[in-house]
Amino acid sequence: NNTSNNEHKSGFISIIGRPNVGKSTFLNRVIGQKIAIMSDKPQTTRNKVQGVLTTDDSQLIFIDTPGIHKPKHRLGDFMMKVAQNTLKEVDLILFMVNAEEGFGKGEEFILEKFENIKTPIFLVVNKIDTIHPDKLFSVIDSYKEKYPFKEIIPISALEGNNVETLLTQIKKYMPEGPQFYPADQVTDHPERFIVSELIREKALHLTREEIPHSLAVVIEKMEKKQNDVVHVMATIVVERDSQKGIIIGKQGGMLKEVGKRARTDIENLLGNKVFLELWVKVQKDWRNKMTQLRDFGFRE
Ligand code: GDP
Ligand code: MG
Ligand code: K
């Protein structure tokens, strides 16, 4: 009947998968704006980053969760706890895997985390552009027997194949609900957080030597001055003097380039001219200092 067709649907969707399976790429394609952080290096997405997709009759709120993986240190434990709590709260989980790789130890580890969770789970087989269609069937079969996925949907997040189909299926699983966010809002994160992630992304992209997790960005100050120029003062925190040297670069060249690229993105995000002041600080072993995690923007 007519009324049920007009029901507004809304819900929260968590994207789970090993590093580099394409979670951020998918989110960026769906939201159409650079919110999820992209990097060749694994695990640069530490916090929940929400992207909101609003249509006439639905609102899909995506959460790009940190990868659930075997923790190597205490920050890893913390991230996993955050991710697991998230799984219970959301309306739908997208378990994203790489079509090139098939079922493996990493996937098995994640599936174990699903055991006590009642949230419906889709298997999203990404990167189908990289494999022969025949191989796709055997990859799908290797997953089918492991878990009763509600839907199995192959996509290419990079090229867009089948992404619309996935969105249609997602909508079917969303409960009736209100439009939580204004239609033009794509994220509920404070601008400060996105700004820090943009700076972090540039630093990670431009420096090859550093290891994931060992770099944090703290926004010390962010305020609008006369003429609507936004003044951002940020500190890049690293663990070792050698890393500080890499980030600063010869005659400050690296830091200058990080700042230049980050400023461009921040200006696009805010729609304002930006004056970006970047500092670098060494804080040994910050990853294991749980008390400081919240200062770096981690939340439980
Ligand atoms: P995440 O760690 O899961 O967020 O993965 P990313 O979104 O950062 O993607 C990791 C890498 O895989 C990037 O180099 C992407 O360009 C690439 N990638 C993501 N989706 C696809 C896809 O559908 N096809 C191909 N060929 N590459 C992809
Ligand atoms: Mg990511
Ligand atoms: K990544």
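**Whole chain**

Start with the secondary structure of the protein chain: ten helices and nine strands. Keep in mind that this is a predicted model. Colour by burial next. Of the 300 residues, 52% count as buried. Turn on the surface. The accessible area comes to about 14600 Å². Carbon and sulfur atoms account for 48% of that area. Now think about contacts between residues at least 6 apart in sequence. Of these, 72% join residues at least 24 apart.

**Stop 1: strand β1 and its partner**

Select residues 9-16. This is strand β1, and it is mostly covered. Six of its eight residues are buried. Add residues 92-98, which form strand β4. The two strands run parallel, and four bridges join them. Strands of a sheet pair through backbone hydrogen bonds, either parallel or antiparallel. For one bridge to look at, pick Ile15 in your selection. Which residue in β4 is the bridge partner of Ile15? The partner is Leu94.

**Stop 2: Leu123 in strand β5**

Move to residues 121-126, strand β5, and pick out Leu123. Is Leu123 buried or exposed? Leu123 is buried, because its relative accessibility is 0% and the limit for buried is under 20%. Show the residues around Leu123, setting aside those up to four places away in sequence. Leu123 touches Phe95 and Val97. Leu123 also touches Tyr143, Phe149, Glu151, Ile152 and Ile153. Draw a distance between two C-alpha atoms, Leu123 and Ile153. The separation is 6.2 Å, although the two residues are 30 apart along the chain.

**Stop 3: Lys127, just along the chain**

Step on to Lys127. This residue lies in the loop between β5 and α5 (133-144). Check its backbone angles. Phi of Lys127 is near 70 degrees, a positive value in a residue other than glycine. Lys127 counts as partly exposed, because its relative accessibility is 24%.

**Stop 4: two crossing helices**

Select residues 23-31 for helix α2 and residues 163-172 for helix α6. How is such a pair described? Two packed helices are described by the angle between their axes and the distance between the axes. Here the axes come within 12 Å and cross at roughly 85 degrees. That crossing angle makes α2 roughly perpendicular to α6. Show side chains at the contact. On the α2 side, look at Phe26, Arg29 and Val30. They meet Val163, Leu166 and Leu167 in α6. By class, the contact has five nonpolar residues, no polar residues and one charged residue.

Stay on α2 and colour by burial again. How many of its nine residues are buried? Seven are, so the helix is mostly covered. The buried residues are Lys23, Ser24, Phe26, Leu27, Asn28, Val30 and Ile31. Residue spacing helps when you rotate a helix like this. An α-helix has 3.6 residues a turn, so residues three or four places apart point the same way.

**Stop 5: the three-strand sheet**

Now select β7 (215-224) and β8 (230-238), then add β9 (274-282). They form an open sheet in the order β7-β8-β9, with mixed pairing. β7 and β9 stand at the edges. Each has a single partner strand, so one side of each is left without a neighbour in the sheet. The twist averages 15 degrees from one strand to the next.

Zoom in on β8 and β9. These two run parallel, joined by nine bridges. For one of the bridges, select Val238 and its partner in β9, Val282.

Bring in the helices on this sheet. Helix α8 (residues 241-248) lies across β7, β8 and β9. Its direction is at about 155 degrees to β9. Helix α9 (residues 253-270) packs on the sheet and touches β7, β8 and β9. The direction of α9 makes about 135 degrees with that of β9.

**Stop 6: two residues around β7**

Select Ser196, in helix α7 (residues 191-206). Ser196 counts as buried, because its relative accessibility is 6%. Apart from neighbours within four places in sequence, Ser196 is in contact with Val217 and Ile219.

Finish at Asp228, in the loop between β7 and β8. Asp228 has a positive phi of about 65 degrees although it is not a glycine. With a relative accessible area of 44%, Asp228 is partly exposed.

Conventions
Residues numbered from 1 in each chain as written. Chains lettered and ligands numbered in written order. Predicted model: local features only at pLDDT ≥ 70, side-chain atom pairs only at ≥ 80, totals over all residues. Heavy atoms only, no water. Buried < 20%, exposed > 50% of the residue type's maximum accessible area, 1.4 Å probe, protein only. Contact = heavy atoms within 4.5 Å. Axes fitted to C-alpha atoms, helices over the stretch in contact; angles between N-to-C directions. Parallel < 35°, antiparallel > 145°, perpendicular 65-115°, else oblique. Nonpolar A, V, L, I, M, F, W, Y, C, P; charged D, E, K, R; others polar. Pairing = 2+ DSSP bridges. Areas by Shrake-Rupley, 256 points an atom, 1.4 Å probe, with all protein chains shown as cover.
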